[in-house]
Protein chains: 2
Amino acid sequence: MENFVLENHTKIIFGQDTIGQIGSETALLGKKVLMVYGGGSCKENGIYRLVQKSLSKAGVAVIEISGICANPVLKHVREGIALARGEKVEAVLAVGGGSVIDSAKAICAGVPAEHDVWQFFRGKKGIRTTLPLACVLTIAGSGSEMNGGMVLTNEESARKMGIGNKRLQPVVSILDPGATFTVPPDYTAYGAVDTIAHLLEFYCNKEARQTPVQDRLMEGVAQTVIAACEKALLEPTDYDTRADLMWCATLALNGWAAAGLGRVGFPMHLIEHSLSALYNVPHGAGLAVVIPAWLSWQAEQQPERVGLFFERVFGIPEGDKKDNALQGIDQLLAWLRRVQCPTSLTELSIPASEIPKIAENALPLAKLWRLRDYTQPVIEEIMHRCR
Amino acid sequence: MENFVLENHTKIIFGQDTIGQIGSETALLGKKVLMVYGGGSCKENGIYRLVQKSLSKAGVAVIEISGICANPVLKHVREGIALARGEKVEAVLAVGGGSVIDSAKAICAGVPAEHDVWQFFRGKKGIRTTLPLACVLTIAGSGSEMNGGMVLTNEESARKMGIGNKRLQPVVSILDPGATFTVPPDYTAYGAVDTIAHLLEFYCNKEARQTPVQDRLMEGVAQTVIAACEKALLEPTDYDTRADLMWCATLALNGWAAAGLGRVGFPMHLIEHSLSALYNVPHGAGLAVVIPAWLSWQAEQQPERVGLFFERVFGIPEGDKKDNALQGIDQLLAWLRRVQCPTSLTELSIPASEIPKIAENALPLAKLWRLRDYTQPVIEEIMHRCR
């Protein structure tokens with residue numbers, strides 16, 4: 001096991017009918033908050049009203065910014081920062097999924113900064129201080145509700161960049177699985193795919209010493225997500241299934257799964273970010289296309305890790321790791337198809353002739369993330385393996 | 001999954017050669033600390049010197065209390081409280097295993113209290129404020145390094161009681177697996193047994209909804225501990241094995257394993273505390289005797305849980321859960337014997353005629369812990385199943 005520091009102060013309030021606690025929790029952070037949300041689905045499913053009622057009861061004044069989209073963009077974040085400054089809000093409240101939470105994090109970091117917020121994403125400036133953040137999670141997948149990561153797209157330069165800082169961690173996040181009952185099938189699956197990608201990137205991306213217990217944790221989360229996703233598509237309002245998906249997404253990326261693995265990277269996310277930045281592909285859809293391609297490449301670098309993962313997760317009898325890796329990839333591909341995810345560039349309407357452009361777009365992020373192996377030719381080779 | 005709140009702010013610094021960081025970490029808590037440690041093994045293995053050097057370098061003044069024993073007693077804690085008050089220390093530093101850390105926690109809670117510290121353990125007073133606590137862990141097992149629990153024996157009344165409060169959580173804990181290389185074989189095994197007991201109490205003690213992902217986490221930790229313990233006895237200075245044991249012990253009782261399980265109890269600890277209180281049996285040795293007995297009783301109440309646990313952990317082919325539970329108990333008993341743990345009251349030199357007294361001693365703690373099913377006859381019945 002490699003040395004690690006683990007520090008995660010986010011308070012998780014998980015469960016049925018917990019959204020009503022957001023008022024009293026937010027009141028601990030400030031008397032006036034900026035509420036960040038998306039396209040209005042939270043108004044249709046009643047969550048907006050629940051949150052407003054709870055904030056009002058706790059005496060918290062609310063300023064709003066809405067319309068945050070999937071693959072959230074710099075423009076909205078800049079608007080949010082200006083609004084938060086003008087209104088002198090003391091805290092930020094995100095009501096949504098990863099896109100909303102990440103936008104809220106960028107606002108939290110940007111408000112006290114003396115420079116433009118994009119400087120953080122270029123790696124030019126470090127985050128020293130932030131506004132406190134509370135979250136009500138409504139889509140499972142990103143894990144952003146219990147970590148210090150954030151991803152944002154600069155729509156002018158078509159770059160989707162991601163950074164992490166422990167100061168970005170939410171102070172409190174409310175996870176009510178019932179809030180995800182109305183997430184449509186495609187985004188339910190995209191969230192599960194995001195979780196699987198996080199786990200695979202940790203599990204198969206290490207050259208360090210074995211960590212038996214962390215392996216078991218990651219396998220367990222993966223097994224649960226794979227089963228729960230199919231069930232959620234059949235029974236979208238089954239509470240326990242939604243609870244599994246929600247908690248697994250948090251577990252995959254809150255620092256626990258990766259503890260002791262040494263330096264880990266996000267090579268599939270690296271490539272997917274190009275797809276999202278250039279073609280506005282939903283993050284989970286892009287990942288679903290990249291995962292089998294990257295795994296087939298990774299199985300040549302680390303057959304023992306890819307093989308072991310699938311032996312354990314799919315119950316493939318122990319044997320030649322390379323063979324089992326390939327068999328596992330086929331089974332994962334079959335699962336992706338069963339949960340109605342795209343698995344080819346064609347399904348994303350991206351011609352293969354775009355591959356050089358996609359690879360080139362990924363290079364600045366590869367540099368920021370220090371993924372030195374991921375050169376233009378390597379990324380192109382992986383992309384050519386997309387089915 | 002049942003509703004839960006998860007909040008664990010302890011900063012874990014895990015790894016090789018990390019003890020030298022204790023000075024700078026402790027300096028953040030105060031300029032003068034009370035260092036709590038045990039019988040002096042930390043002087044033999046060099047850890048005492050490492051800690052002192054690091055504290056000195058960071059400019060932290062140190063007052064010491066040593067001689068904390070296994071099954072730590074109220075007398076030492078009262079002495080520590082008087083010393084801490086007299087010297088006006090600002091923080092407490094525990095260097096040891098569960099006994100030392102729990103004593104340090106009791107001192108942290110007792111110093112600002114206006115009443116005797118035992119009042120907390122009787123459930124008569126709540127903990128409102130504490131001195132901050134830092135830990136250097138030298139024996140894996142209790143999990144106390146990342147939770148708010150503490151156990152103390154009142155040697156006058158022969159009661160071993162345990163309570164929990166989030167204010168008792170260490171601010172920081174340093175976990176260097178190398179610090180456990182010199183833990184003798186019996187205490188190495190006792191620590192692993194303690195971890196297994198925590199997991200079994202969670203896994204088999206719920207009447208609530210299934211929690212697939214938590215099940216997988218607990219199974220994974222159990223599998224790892226069982227394998228690592230045997231290996232550590234053969235190769236006590238194998239770093240990765242010691243790292244597995246250490247991290248598994250923390251994982252089993254830091255709130256993560258039990259998240260979503262609903263109200264869980266510690267029935268095996270309840271019974272074991274009587275053995276420790278009355279006969280000063282090492283905690284892990286007492287648990288090794290109680291575990292198979294309790295499991296055989298529990299397998300009649302919840303065959304599906306006990307059976308599933310062993311199917312998953314020992315790879316017993318799926319089948320009749322009651323049969324598999326019994327088969328699993330036999331396998332666990334064989335493992336306990338392989339790691340040289342006592343598995344009968346006889347091996348603890350306790351005659352069966354003592355059983356009524358043991359059960360009676362457990363009743364106040366059963367009341368404090370609200371383990372209503374654990375009446376005198378039930379505890380006696382379980383005790384009679386000890387091999």
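Colleague: Which residue of chain A comes closest to the rotation axis?

Modeller: Two copies of a chain are related by a rotation about an axis and a shift along it. In this predicted model, A:His9 is the residue of chain A that comes closest to the axis, with its C-alpha at 2.3 Å.

Colleague: What turn and what shift lay chain A on chain B?

Modeller: A turn of 180° with a shift of 0.0 Å along the axis lays chain A on chain B, and the RMSD is 0.0 Å. The two copies are therefore related as by a two-fold rotation axis. The same surface serves both copies, since 100% of the contact residues of chain A recur in chain B.

Colleague: How many residues does the contact take from each chain?

Modeller: The size of an interface is often given as the accessible area lost when the parts come together. Here one may count residues instead: chain A gives 33 residues and chain B gives 33 residues. On the side of chain A that touches chain B, the elements giving two or more residues are β1 (4-6), β2 (11-14), α8 (212-234) and α9 (239-252) of chain A. The largest share of that side, eight residues, comes from α8(A). By character, the residues of the side of chain A that touches chain B divide into 16 nonpolar, ten polar and seven charged.

Colleague: Which strand of chain B is joined to β1(A) by bridges?

Modeller: The strand is β2 (residues 11-14) of chain B; three bridges join β1(A) to this strand, and the two run antiparallel. Within this pairing, A:Leu6 has B:Ile12 in β2(B) as its bridge partner.

Colleague: In what order do the seven strands of the open sheet follow one another?

Modeller: The order is β1(A)-β2(B)-β9(B)-β6(B)-β5(B)-β3(B)-β4(B), and the pairing is mixed. At the edges stand β1 of chain A and β4 (61-65) of chain B, each with a single partner strand, so one side of each has no neighbour in the sheet. On average, neighbouring strands of this sheet are turned by 15° against each other, direction ignored.

Colleague: Do strands β3 and β5 of chain B pair in the parallel or the antiparallel sense?

Modeller: Strand β3 (residues 32-37) and strand β5 (residues 91-96) of chain B pair in the parallel sense, over five bridges. In this pair, B:Val36 stands opposite B:Ala94 in β5(B).

Colleague: Is B:Leu74 buried or exposed?

Modeller: A residue counts as buried if 20 or more other C-beta atoms lie within 10 Å of its own. B:Leu74 has 22 other C-beta atoms within 10 Å and is therefore buried. Its place is in helix α4 (residues 74-87) of chain B. Leaving aside residues up to four places away in sequence, B:Leu74 touches B:Trp118, B:Leu152, B:Thr153, B:Asn154 and B:Glu155. As for B:Glu155, 81 residues separate it from B:Leu74 in sequence, while the two are 6.8 Å apart in space, C-alpha to C-alpha.

Colleague: Which domains does the assignment give for chain A?

Modeller: The domain assignment gives domain 1 (11-179) and domain 2 (184-384). Taken over C-alpha atoms, the centres of domain 1 and domain 2 of chain A are separated by 26 Å. Their contact takes 21 residues from domain 1 of chain A and 30 residues from domain 2 of chain A.

Colleague: Which strand gives the most to the side of domain 1 of chain A that touches domain 2 of chain A?

Modeller: That is strand β8 (residues 159-164) of chain A, with three residues. The residues of this side of domain 1 of chain A divide into nine nonpolar, nine polar and three charged.

Key: Residues numbered from 1 in each chain as written. Chains lettered and ligands numbered in written order. Predicted model: local features only at pLDDT ≥ 70, side-chain atom pairs only at ≥ 80, totals over all residues. Contact = placed C-beta atoms within 7 Å. Helix = DSSP H or I, 4+ residues; strand = E, 2+ residues; numbered from the N terminus. Nonpolar A, V, L, I, M, F, W, Y, C, P; charged D, E, K, R; others polar. Pairing = 2+ DSSP bridges. Domains from an automatic or database assignment. Least-squares fit on C-alpha atoms with pLDDT ≥ 70 in both. Axes fitted to C-alpha atoms, helices over the stretch in contact; angles between N-to-C directions. Buried ≥ 20, exposed ≤ 12 C-beta atoms within 10 Å, placed from the backbone.
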